[in-house]
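New to this one? Have a look at the structure below, and then we'll walk through a few spots together.

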Amino acid sequence: MCRSNNYPKGFYCSWHLPTPTYIPNSFNISVIHGTKEMVCEKDAVPKNRCHIRYLQLFSTVKYKVTLTVTNALGKNFTTLTFDEFAIVKPDPPESVVAKPVPNNPRRLEVSWQNPSSWPDPESFPLKFFLRYRPLILDQWQHVELSDGTSHTITDAYAGKEYIIQVAAKDNDIGTWSDWSVAVHATPWTEEPKHLTTEAQITETTSASTSSFMAPPTTKICDKGAMVGSGAVAVCWTAGLVMAAYSVLFIYYHHKEKQTELQLETLRIETPLDIPTML
């Protein structure tokens, strides 16, 4: 398989055995463009891949890649022929982010970045393909974008979690990349408000105001109406006078009750039938 993920710099080819042989194997790859043989530089990791630099851009001449595998049992080879444009396939977009839009319960703002392996997005711009769906459904919705690295979803279901992915492609040639890593987001929802009825407000107010009720004859000192230390003295004096008046009231009221009780006792002990004189 050969692919160009960093067009127009070059392309790479990778290979693997369809079935394991359990014996040592050696691989040899040759790349021919027209009549010219090109060098395929093997990667240290992974070992089953090599890179080829383009010698000529926008060429209509096909590339021919031949892979030969050799082991103790013999050798075999396979050949692949392709056009330069056919193998252009970017890597997926990176840093995909989706977030809710404040005060918009049906919108999600999605942004991403060009793949870092794409060397010249100004000269070779990418277009993008966005897909999204709520987790409660299996059907995807799609949007193709010719430019830019952001998009606002305007038809999301309010309060439903969404899964979102993005793919990339050269504007003119090649095929779509694989899908990006999936991200999840939920549209904005209004915070619930604590409703308070008029009856609850009245009850709360009554409870707070009835916790202390002054006697009708008591005058509460209004500090706001007085100024200075003299005001404090007047306030305390008024309080002492009222306290003394209360003590005297309780004392005389108690004495009056005792007198009534003594009279009642005397009335009971006195005989009701007084003898008459003959």
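Let's start in a loop: Pro8 sits between strand 1 and strand 2. Keep in mind that this is a predicted model. The peptide bond leading from Tyr7 into Pro8 is cis, with omega near 10 degrees. The two strands on either side of that loop make a hairpin, with 6 residues between them. Strand 1 covers residues 2–3, and it pairs with strand 2 in the antiparallel sense over 2 bridges. In that pairing, Cys2 faces Cys13 of strand 2.

**The sheet around strand 2**

The hairpin belongs to something wider: 4 strands form an open sheet in the order 1-2-6-5, with antiparallel pairing. Strand 1 and strand 5 (41–42) are at the edges with a single partner strand each, so one side of each has no neighbour in the sheet. Here is how the pairs line up:

| Strand pair | Sense | Bridges | Opposite residues |
|---|---|---|---|
| Strand 1 and strand 2 | antiparallel | 2 bridges | Cys2 and Cys13 |
| Strand 2 and strand 6 | antiparallel | 5 bridges | Ser14 and Arg49 |
| Strand 5 and strand 6 | antiparallel | 2 bridges | Glu41 and His51 |

How many residues of strand 2 are buried? The count is 5 of the 5 (residues 10–14), so the strand is largely enclosed by the rest of the structure. In a regular strand, side chains alternate between the two faces of the sheet. Here both faces are covered: Gly10, Tyr12 and Ser14 are buried on one side, and Phe11 and Cys13 are buried on the other.

**Phe11 and the core**

Phe11 deserves a second look. The largest nonpolar core has 40 residues, and Phe11 and Ile164 are the ones that touch the most other members. Leaving out residues up to four places away in sequence, the contacts of Phe11 include Cys2, Val31, Cys50, Ile52, Tyr54, Phe82 and Ile87. Arg3, Ser4, Asn6 and His51 are also among the residues Phe11 touches. In soluble globular proteins, nonpolar side chains tend to be buried together.

**Two positive phi values**

Finally, a couple of backbone oddities. Tyr22, in the loop between strand 2 and strand 3 (26–33), has a phi near 60 degrees, a positive value in a residue other than glycine. Is Tyr22 buried or exposed? Its relative accessibility is 77%, so Tyr22 counts as exposed. Ser95 is not a glycine either, and its phi is positive at about 50 degrees. Ser95 lies in strand 9 (residues 94–101), and with a relative accessible area of 46% Ser95 is partly exposed.

Conventions: Residues are numbered from 1 along each chain as its sequence is written. This is a predicted model: local features need pLDDT of at least 70, side-chain atom pairs count only at pLDDT 80 or more; totals for chains, interfaces and linings use all residues. Side-chain values use heavy atoms; hydrogens and water are left out. A nonpolar core is a set of buried Ala, Val, Leu, Ile, Met, Phe, Trp, Tyr and Cys residues joined through side-chain atoms within 4.5 Å. Buried means under 20% relative accessible area, exposed over 50%, partly exposed in between (1.4 Å probe, protein chains only). Contact means heavy atoms within 4.5 Å. Two strands pair if DSSP finds at least two bridges between them.
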